[in-house]
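Subject: Structure handover

Hello,

Please find the structure below, with the sequence alongside. My notes on what was found in it follow.

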Amino acid sequence: MKAFGTGPLQETQNQLRHEFNEFVQQWQQTKSVWKDEPARQFEEQCLADLAPTLNRVSGAIQSLVEAVHQADRLLDDPDEMVH
C-alpha cells in the first residue's frame, strides 16, 4: 500500500509559520507609529491570543503528521503493532 503523503500538511505548517513571522514584523512596524489607546486595545483584544492559537494549530498539524507516519508504518508492517 502506498504511503500517505504528508508534504502538503508540512507545507501548510511551514506557510503558517512564515506568514505569522511576517505579520509579527509588520505589526512591530505599525506599533511603532500607532501608539494610542485603540492600538493598545486592538493588540490586547485581537492579537494577544494569536500566537498561542497558532502554536496550538502548528502542534496539532505536527501530531497529525506523526500519526499518519505511524499509520503508514503499521500498514506496511502490521506486526509492528504487537511490539
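I will start with one residue and work outwards; note that this is a predicted model. Glu37 has a relative accessibility of 41%, so this residue counts as partly exposed. The salt bridges around Glu37 share partners, and they join Glu37, Arg40 and Glu44 into one network.

The network can be taken link by link. Glu37 and Arg40 meet through their side chains in a salt bridge, with 2.4 Å from N to O. Both residues belong to helix H2 and sit three residues apart, about one turn of the helix. Arg40 also meets the side chain of Glu44 in a salt bridge, here with 2.7 Å from N to O. Glu44 and Arg40 are again both in helix H2, four residues apart, which is about one turn of the helix. As for exposure, Arg40 has 40% relative accessibility and therefore counts as partly exposed.

How many salt bridges does a search of the whole structure find? The count is three. Besides the two in the network, there is a salt bridge between Lys31 and Glu43, whose closest N and O atoms are 3.1 Å apart. Lys31 is in helix H1 (residues 7-33) and Glu43 is in helix H2 (residues 37-47), so this pair ties together parts that are 12 residues apart in sequence. Both ends of the bridge are partly exposed: Lys31 has a relative accessibility of 31%, and Glu43 has 27%.

On charge in general, the protein carries 14 negative and 7 positive side chains. The centres of these two sets lie 8 Å apart.

Now the overall picture. The secondary structure consists of three helices and zero strands, and the order from the N terminus is α-α-α. Along the principal axes, the C-alpha atoms fill a box of roughly 65 × 20 × 15 Å. The radius of gyration is 20 Å, whereas a compact globule of 83 residues would have one near 12 Å.

Of the 83 residues, 12% are buried. The accessible surface is about 6600 Å², and carbon and sulfur atoms account for 56% of that surface. Finally, consider the contacts between residues at least 6 apart in sequence: 71% of them join residues at least 24 apart.

Regards

Definitions and conventions:
Residues are numbered from 1 along each chain as its sequence is written. This is a predicted model: local features need pLDDT of at least 70, side-chain atom pairs count only at pLDDT 80 or more; totals for chains, interfaces and linings use all residues. Side-chain values use heavy atoms; hydrogens and water are left out. Helices (H or I, at least four residues) and strands (E, at least two) are DSSP runs, numbered from the N terminus. The radius of gyration is taken over C-alpha atoms; the globule rule is 2.2 Å times the number of residues to the power 0.38. Buried means under 20% relative accessible area, exposed over 50%, partly exposed in between (1.4 Å probe, protein chains only). Contact means heavy atoms within 4.5 Å. Accessible areas come from the Shrake-Rupley method with a 1.4 Å probe; for residues, only the protein chains shown count as cover. Lys and Arg count as positive and Asp and Glu as negative; His and the chain ends are not counted. The place of a charge is taken as NZ of Lys, CZ of Arg, CG of Asp or CD of Glu. A salt bridge is a side-chain nitrogen of Lys or Arg within 4 Å of a carboxyl oxygen of Asp or Glu.
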